[in-house]
Every structure is written in structure tokens, then in C-alpha cells.
Amino acid sequence: MSIFTGNCKCSYTVGLVGLSVCGFLLSLYTSYVELRAEHDHSYRAMCDISERVSCTKVFTSRYGRGFGIVGPVLGDDSLLNVPNGFYGIFYYFIVAAFSFSDLLFISRLNSYLILLSNCLSLYLAYLLYYILEDMCIVCVTTYAVNFISLILALQKIQVLIRDEQIMRAFKVSKSK
């Protein structure tokens with residue numbers, strides 16, 4: 001491992017963990033707003049700016065639980081049909097934990113997980129814009145967190161691969 005790539009790996013780790021903390025907090029807020037709005041129909045969240053810019057409208061829609069998929073497939077009473085924010089809380093915790101690893105296998109697994117979240121973000125963005133015809137600031141911020149996380153995760157993998165190649169070359173030259 002070179003001194004320069006060690007600093008890069010640390011930067012990517014800090015970036016991924018920082019973004020995971022942001023995503024975790026956004027997911028907590030999402031869950032809070034949805035649960036509060038379910039129990040208090042007069043509740044108005046900070047992210048409700050207008051009729052067309054309303055996170056509460058999005059979170060309490062049929063797509064706000066189980067991504068709009070779990071309910072129709074497994075039933076509305078399914079244990080998996082929870083607010084999307086609950087999935088986010090779990091997801092960002094896992095991403096943060098995996099981000100501390102400098103093992104190539106774990107970093108690749110983390111990048112696949114982050115790629116999956118970006119695919120899910122595209123699905124949710126489609127629903128937000130075309131189906132719900134709304135703008136959700138919290139949702140769009142979450143999509144940005146996921147996209148930037150993907151970039152950092154892929155860059156970290158490149159650094160790990162480069163380190164592995166350097167170590168292999170060093171072992172070969174040392175054995176000669």
C-alpha cells in the first residue's frame with residue numbers, strides 16, 4: 001500500500017460514511033413525517049412548501065410503504081410493508097459499516113448495494129415526477145446522496161484494485 005492511496009481510501013471511506021449518516025438522518029426524518037402524518041392529519045412537515053412541493057403527500061402515498069410493491073404482492077398487513085424510511089435506516093447503516101472495510105470483496109459488495117439503491121432511486125423518481133406529480137425535497141436529496149455514494153464507492157474500488165496491482169508487482173520484483 002502506498003502512502004498516497006492510503007489517504008485516498010480514507011477520504012472515500014469518510015465520504016461514504018458521511019453520506020450514509022446524511023441518508024440515515026433523511027430516512028429517520030422520512031419515517032417520522034410519515035408516522036406523524038398517519039396519526040395527525042393536520043400535521044404539516046417542514047418539507048411541505050406548497051401543494052406541488054410536499055414530502056408528506058409523497059410519504060403517505062401508497063408508494064411510501066414497501067416502495068408501493070410490497071403491499072400489492074404480500075398484502076398491506078405484511079411485516080415488510082413498512083415506511084420506505086425504515087428500509088433506508090437499515091440500508092445506510094449497512095453501507096456505512098461496509099465502507100470501513102478496505103477488502104476489495106466487501107467494497108464491491110457495497111458498490112452493488114449502492115447501485116441497487118440508485119436503481120431504486122430512479123424508480124422512485126419516476127413515481128415522484130410522473131405518477132404523483134409532486135416535488136419532494138427530502139426524496140431528491142436522498143437520490144443525490146445515493147448517486148454521490150455510488151461515485152465514491154466506485155472510486156474506492158479503483159484505488160483498492162490499483163493497490164492490489166502494486167502489491168502484486170512488488171512481490172514479483174522482490175522474489176526475483
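**Overall fold, core and local features of the chain**

Of the 176 residues in the chain, 43% count as buried. The model described here is a predicted one. Its secondary structure consists of six helices and zero strands, and the order along the sequence is α-α-α-α-α-α. The radius of gyration is 20 Å, well over the 16 Å given by the globule rule for 176 residues, so the chain is more spread out than a compact globule. Taken along the principal axes, the box filled by the C-alpha atoms is roughly 75 × 35 × 25 Å. Among contacts with a separation of 6 or more, 67% are between residues 24 or more positions apart. The chain exposes about 10,500 Å², and 70% of this area is supplied by carbon and sulfur atoms.

The interior was examined next. The largest nonpolar core contains 31 residues, and the members with the most contacts inside it are Val58, Phe59, Ile114, Cys136 and Cys139. At least two residues of this core come from each of α1 (3–39), α2, α4 (84–99), α5 and α6. The most is given by α6, which contributes eight residues. For Ile114, one of the core residues with the most contacts, the partners outside its neighbours within four places in sequence are Leu16, Tyr91, Val95, Asn146, Ser149, Leu150 and Ala153.

At the surface, Ile49, Met135, Ile137 and Val140 make a nonpolar patch of about 310 Å². Met135 belongs to the loop between α5 and α6. With a relative accessible area of 36%, Met135 is partly exposed, because a residue from 20% to 50% is placed in that class.

Two backbone positions were also noted. Most residues other than glycine have a negative phi. Phe67, although not a glycine, has a positive phi of about 60°. Phe67 is located in the loop between α2 (55–59) and α3 (70–74). The relative accessibility of Phe67 is 15%, so this residue counts as buried, the cut-off being under 20%. Glu133, likewise a residue other than glycine, has a positive phi near 50°. Glu133 is found in the loop between α5 (104–131) and α6 (137–175), which is also the loop that holds Met135. Its relative accessibility of 45% means that Glu133 counts as partly exposed, whereas Phe67 counts as buried.

Conventions. Residues numbered from 1 in each chain as written. Predicted model: local features only at pLDDT ≥ 70, side-chain atom pairs only at ≥ 80, totals over all residues. Heavy atoms only, no water. Helix = DSSP H or I, 4+ residues; strand = E, 2+ residues; numbered from the N terminus. Buried < 20%, exposed > 50% of the residue type's maximum accessible area, 1.4 Å probe, protein only. Patch = residues over 30% accessible without salt bridge, like charges linked within 9 Å, V, L, I, M, F, W, Y side chains within 5 Å. Areas by Shrake-Rupley, 256 points an atom, 1.4 Å probe, with all protein chains shown as cover. Salt bridge = Lys/Arg side-chain N within 4 Å of Asp/Glu carboxyl O. Core = buried A, V, L, I, M, F, W, Y, C linked by side-chain atoms within 4.5 Å. Contact = heavy atoms within 4.5 Å. Rg over C-alpha atoms; globule rule 2.2 N^0.38 Å.
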